[in-house]
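Subject: Structure for you to look at

Hello,

Here is the structure we talked about handing over. My notes on the overall fold, the cores and the empty spaces follow below.

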Amino acid sequence: MFAKPSLIAAGIALGLATLVPGKADAHRRWLLPSATVLSGEKETVSVDAAASNGLFIFEHAAMSLDDLTVLGPDGQPTQPTIIGRGKYRSVFDVDLAQPGTYRIALASHGAMGFYELNGERQRVRGTDVTDAQSKVPQGASNVTINATSQRVETFVTLGAPNEVALAPTGRGLEMLPVTHPNDLVAGEPAQVRFLLGGQPAAGLELEFVEGGTRYRDDAGIQTLTTDADGAVTLNVDNPGMYYLEASATADDGARASYTAVLEFMPL
């Protein structure tokens, strides 16, 4: 279980790769695939990685691809082809060489905190809490270090969907689809579950937003809350790309964030 679940009203400052975002941040981060459901023996999907105010508009900054991973339908990593990084977006291709579902993610885990030395407050980061603690100098006081975890992801299926790549890792905040993420239909309820450290994330607040915010006066943000099992139901009227975001702080102070792009197809 976790304490202090919080809605992320916007994304994360790009330079702070191990800092879980807060409401003061102005930009959402997302992976936008050129298609999510494809047919045939082989295909290729292009994916944009960006941070922006509007969904899904290229107007703020490109995302780093250093933490990019793609799991294939057999649960094994598949190598994406990096096209490049511009000012407003990074682009890569994923070759779909076998049928099934691919999980495309920017996932990072680490630790961040602060300490005081000679009257000055300093930030410290590390690959984990132990690593960060090892970087705190002798004589420091008021040391606070917490584990951090971030996951930004989307899903693509070639042919018949499967669930091998959807298995949870047990790290950070994760979405465990109940309705398959590439079998979402506007007008039909879809259910997902959230886990924090592998356990149900009950009482977690989510932000669920339809894309195309630039073209409407009302942002159309749905604020949803998971039940005791970490489950929540997504309901949409219009087909298209949707953005889902949440953050949580665990009882031990570990902070985690999650975002996903999901496509709802027409009936």
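Of the 267 residues in the protein chain, 49% are buried. Please keep in mind that this is a predicted model.

Overall shape. The protein chain contains 19 strands and one helix. Its C-alpha trace extends over about 65 × 35 × 35 Å along the principal axes. The radius of gyration is 19 Å, which agrees with the value near 18 Å for a compact globule, because that is what the globule rule gives for 267 residues. Among contacts with a separation of 6 or more, 64% join residues 24 or more positions apart.

Cores. In soluble globular proteins, nonpolar side chains tend to be buried together. The largest nonpolar core here consists of 29 residues, and Leu173, Phe194, Leu234 and Phe264 have the most contacts inside it. Two or more residues of this core come from each of strand E12 (173-177), strand E13 (190-196), strand E15 (205-210), strand E17 (231-234), strand E18 (240-250) and strand E19 (255-264). There is also a second core, separate from that one, with 18 residues; Leu31, Ile104, Val152 and Val156 are among them.

Cavity. How many cavities of 30 Å³ or more does the structure hold? The count is one. The largest cavity has a volume of about 40 Å³. Its lining is made up of Met175, Pro177, Thr179, Pro181, Leu184, Val192, Leu234 and Leu262. By class, that lining has seven nonpolar residues, one polar residue and no charged ones. Leu234 thus appears twice in these notes: it lines the largest cavity, and Leu234 is also one of the residues with the most contacts inside the largest nonpolar core.

Pocket. The second largest pocket has a volume of about 220 Å³. It is lined by 16 residues, and those closest to its centre are Ala147, Ser149, Arg171, Gly172 and Ala254. Which strand gives the most to this lining? That is E11, with three residues. Strand E9 (100-117), strand E11 (141-158) and E19 each supply at least two. The lining of this pocket divides into eight polar, five nonpolar and three charged residues. E19 is worth viewing in both places, as E19 contributes to the lining of the second largest pocket and also gives two or more residues to the largest nonpolar core.

Regards

Notes: Residues are numbered from 1 along each chain as its sequence is written. This is a predicted model: local features need pLDDT of at least 70, side-chain atom pairs count only at pLDDT 80 or more; totals for chains, interfaces and linings use all residues. Side-chain values use heavy atoms; hydrogens and water are left out. A nonpolar core is a set of buried Ala, Val, Leu, Ile, Met, Phe, Trp, Tyr and Cys residues joined through side-chain atoms within 4.5 Å. Buried means under 20% relative accessible area, exposed over 50%, partly exposed in between (1.4 Å probe, protein chains only). Helices (H or I, at least four residues) and strands (E, at least two) are DSSP runs, numbered from the N terminus. On a 1 Å grid over the protein atoms alone, a cavity is a set of points where a 1.4 Å probe fits but cannot get out, and a pocket is an open set with protein on both sides within 12 Å along at least five of seven lines; lining residues have an atom within 4 Å of a point. Grid points are joined across faces, edges and corners, and a volume is the space filled by probe spheres set on the points. Ala, Val, Leu, Ile, Met, Phe, Trp, Tyr, Cys and Pro count as nonpolar, Asp, Glu, Lys and Arg as charged, and the others, Gly among them, as polar. The radius of gyration is taken over C-alpha atoms; the globule rule is 2.2 Å times the number of residues to the power 0.38. Contact means heavy atoms within 4.5 Å.
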